[in-house]
Amino acid sequence: MGSHRMVLQAARLAFLGALVAAAGWAAGAPAALAAPDSFPLATDVRLGGDETQTRFVMDLSRKIDLHVFTLADPYRVVVDIPQITFRLPSKAGETGRGLIKAFRFGLVMPGGSRIVIDLGKPARVEKAFVVDPVEGAPARLVLELAATDREGFLRKVAFDQRFARAQAPLPREQQSSSGDVRPLIVLDPGHGGIDTGTKGPNGQMEKDIVLDFAKRLREKVESLGKYRVLLTRSDDTFVPLAERVRFAREAGAALLLSIHADSLPRREGDAQGATVYTLSETATDPAAARLAEQENRADVIAGVDLKDQPDDVAGILIDLAQRETKTFSTQFAHKLVATIKRTARLHKEPLKSAGFRVLRAPDVPSVLVELGYVSNKEDLQSLLSDSWRDRTADAMTSAIDGYFSTHIAGARTGSN
Ligand SMILES: [Zn+2]
């Protein structure tokens with residue numbers, strides 16, 4: 001046990017070094033949240049035009065600043081704006097017009113909202129501006145898009161990226177730095193903010209279901225008094241996948257548990273029950289591969305894949321740590337399946353693996369659980385039920401406790 005602990009420790013130190021070296025990456029307090037009423041309001045949105053010229057207009061309660069850039073593969077236009085409250089029609093963004101296929105909007109960080117527009121083909125932003133309210137008419141955010149070719153589009157992307165500022169550190173929970181040596185468990189409610197995750201038939205959103213579940217689970221695990229628990233997000237904020245991994249590593253987590261809910265398109269039949277996933281480059285089956293691809297799209301959805309900087313931690317340390325981490329992840333996954341089985345319905349093949357980006361920490365055992373299918377009537381009922389959430393969170397708590405007490409008693413405590 002001692003040697004692996006040193007390896008993990010060393011990997012972590014190297015990692016922290018790399019972090020410090022990364023320009024502009026300094027811990028900063030998240031911007032203070034103003035009262036919701038003080039945010040500008042988006043009240044309506046309209047699309048106009050055709051496949052050569054398309055216009056996007058959003059009504060606002062007052063004038064705001066905007067920053068527009070483009071991303072390729074898939075073609076997107078991203079509009080960064082100060083935090084606003086979206087009160088748009090419920091289906092807004094789901095269908096497009098002209099060059100616009102669809103669009104999403106939401107919070108990406110405290111103080112910052114974003115609109116991500118999916119394009120059906122390459123387009124250039126001819127105009128982007130906000131007009132003042134006049135005589136009873138609201139302020140309006142206007143984008144004018146014109147068709148271009150792939151080469152023109154890519155040139156613009158390159159231009160935008162040259163001017164892209166390093167992203168501000170994303171909000172996260174404060175870490176307790178009190179010398180507490182209890183093992184740290186990082187719970188990772190999937191999606192958030194602009195990225196809603198899957199949706200139930202009546203608009204129930206995965207991001208809300210899993211956040212509530214993670215909070216319950218935190219409460220239960222903390223009540224044991226033996227563990228520290230942090231969430232990668234504790235409100236409706238978008239957090240990029242790499243940032244979730246980075247957070248768990250930097251905080252010295254002994255376990256990362258990512259929490260999601262799946263859905264299956266109707267044409268692919270019906271599926272139900274919980275599934276537990278570990279990381280693997282080769283997926284267990286095509287369904288697992290599809291799911292990982294879908295969950296990995298979070299960053300594309302929020303338009304944050306500007307730069308995907310790899311962690312330059314010494315390879316050999318990673319290798320060693322990775323083998324151990326993999327073993328621990330698998331042990332925990334087994335424990336989780338065995339425990340959940342007693343209280344909740346499991347998928348017919350409850351243990352799978354695939355290339356989930358959020359499970360890629362080389363030194364933190366990581367497991368992703370899909371609580372159930374929002375596309376399945378009974379599962380959705382369970383997912384929305386207080387008593388089901390409580391029972392399942394209880395089961396997971398005992399799985400976590402069982403894992404730490406029987407498999408690696410004390411091995412990772414105090415390692416940071
Ligand atoms: Zn998900």
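These exercises walk through one predicted model, each with a worked solution.

Residues are numbered from 1 along each chain as its sequence is written. Because the model is predicted, local features need pLDDT of at least 70 and side-chain atom pairs count only at pLDDT 80 or more, while totals for chains, interfaces and linings use all residues.

**Exercise 1. The chain as a whole**

Find how many helices and strands the chain has, and what share of its residues count as buried.

Solution. Start with the secondary structure: helices (H or I, at least four residues) and strands (E, at least two) are DSSP runs, numbered from the N terminus. On that basis the chain has nine helices and 15 strands.

Next comes burial. A residue is buried if 20 or more other C-beta atoms lie within 10 Å of its own, exposed if 12 or fewer, and partly exposed in between, with C-beta atoms placed from the backbone. Of the 416 residues, 42% count as buried.

Then take contacts, meaning pairs of residues whose C-beta atoms, placed from the backbone, lie within 7 Å. Among contacts with a separation of 6 or more, 78% come from residues 24 or more positions apart.

**Exercise 2. The largest nonpolar core**

Identify the residues with the most contacts inside the largest nonpolar core, and the domains it draws on.

Solution. First, the term: a nonpolar core is a set of buried Ala, Val, Leu, Ile, Met, Phe, Trp, Tyr and Cys residues joined through C-beta atoms within 7 Å. The largest one here has 93 residues, and Ile185, Val186 and Ala253 have the most contacts inside it. Domain 1 (2-27 + 169-407) and domain 2 (36-162) each supply at least three residues to this core; the bounds come from an automatic or database domain assignment.

Now look at Val186. Beyond its neighbours within four places in sequence, Val186 touches Leu230, Thr232, Phe247, Ala248, Ala251, Ala253 and Leu256. As background, nonpolar side chains tend to be buried together in soluble globular proteins.

**Exercise 3. A six-stranded sheet and its helix**

Work out the strand order of the open sheet, then place helix α5 on it.

Solution. Two strands pair if DSSP finds at least two bridges between them. The order is β11-β10-β12-β15-β13-β14, and the pairing is mixed. At the edges stand β11 (228-231) and β14 (346-354), each pairing on one side only. From one strand to the next, the twist averages 20°. Such angles run from 0 to 180 degrees between N-to-C directions, with axes fitted to C-alpha atoms, for helices over the stretch in contact.

Inside the sheet, β12 (residues 255-262) and β15 (residues 366-373) run parallel and are joined by six bridges. Opposite Leu257 stands Val367 in β15. Helix α5 (residues 286-296) packs on the sheet, where α5 touches β12 and β14, and its direction makes about 65° with that of β14.

Which residues of α5 are buried? They are Ala288, Leu291, Ala292 and Glu295. These residues lie on the same side of α5, because they cover an arc of only 100° around the axis, taken from the directions from the helix axis to the C-beta atoms. The buried residues of α5 pack against β12, α6 (298-302) and β14.

**Exercise 4. Strand β7 and its partners**

Describe how β7 is covered and how β4 and β6 are joined to it.

Solution. Strand β7 (residues 112-119) is mostly covered, with six of its eight residues buried. Seven bridges link β4 to β7 in antiparallel fashion, and Pro82 has Gly112 as its bridge partner in β7. Strand β6 (residues 100-109) also runs antiparallel to β7, through eight bridges; there, Phe103 is partnered by Ile117. Finally, β6 and β7 form a hairpin with two residues between them, and Gly111 in the turn has a positive phi of about 90°.

**Exercise 5. Unusual backbone angles**

Locate the cis peptide bond, then decide whether Glu135 and His191 are buried or exposed.

Solution. The cis bond joins Asp73 and Pro74, with omega about -5°. Pro74 sits in the loop between β3 (67-71) and β4 (76-82).

Glu135, though not a glycine, has a positive phi of about 40°. Its loop lies between β8 (123-131) and β9 (139-147). Glu135 counts as exposed because it has 4 C-beta neighbours inside 10 Å.

His191, also not a glycine, has a positive phi of about 60° and lies in the loop between β10 (184-189) and α3 (206-223). With 26 C-beta neighbours inside 10 Å, His191 therefore counts as buried.

Note on methods: Contact = placed C-beta atoms within 7 Å.
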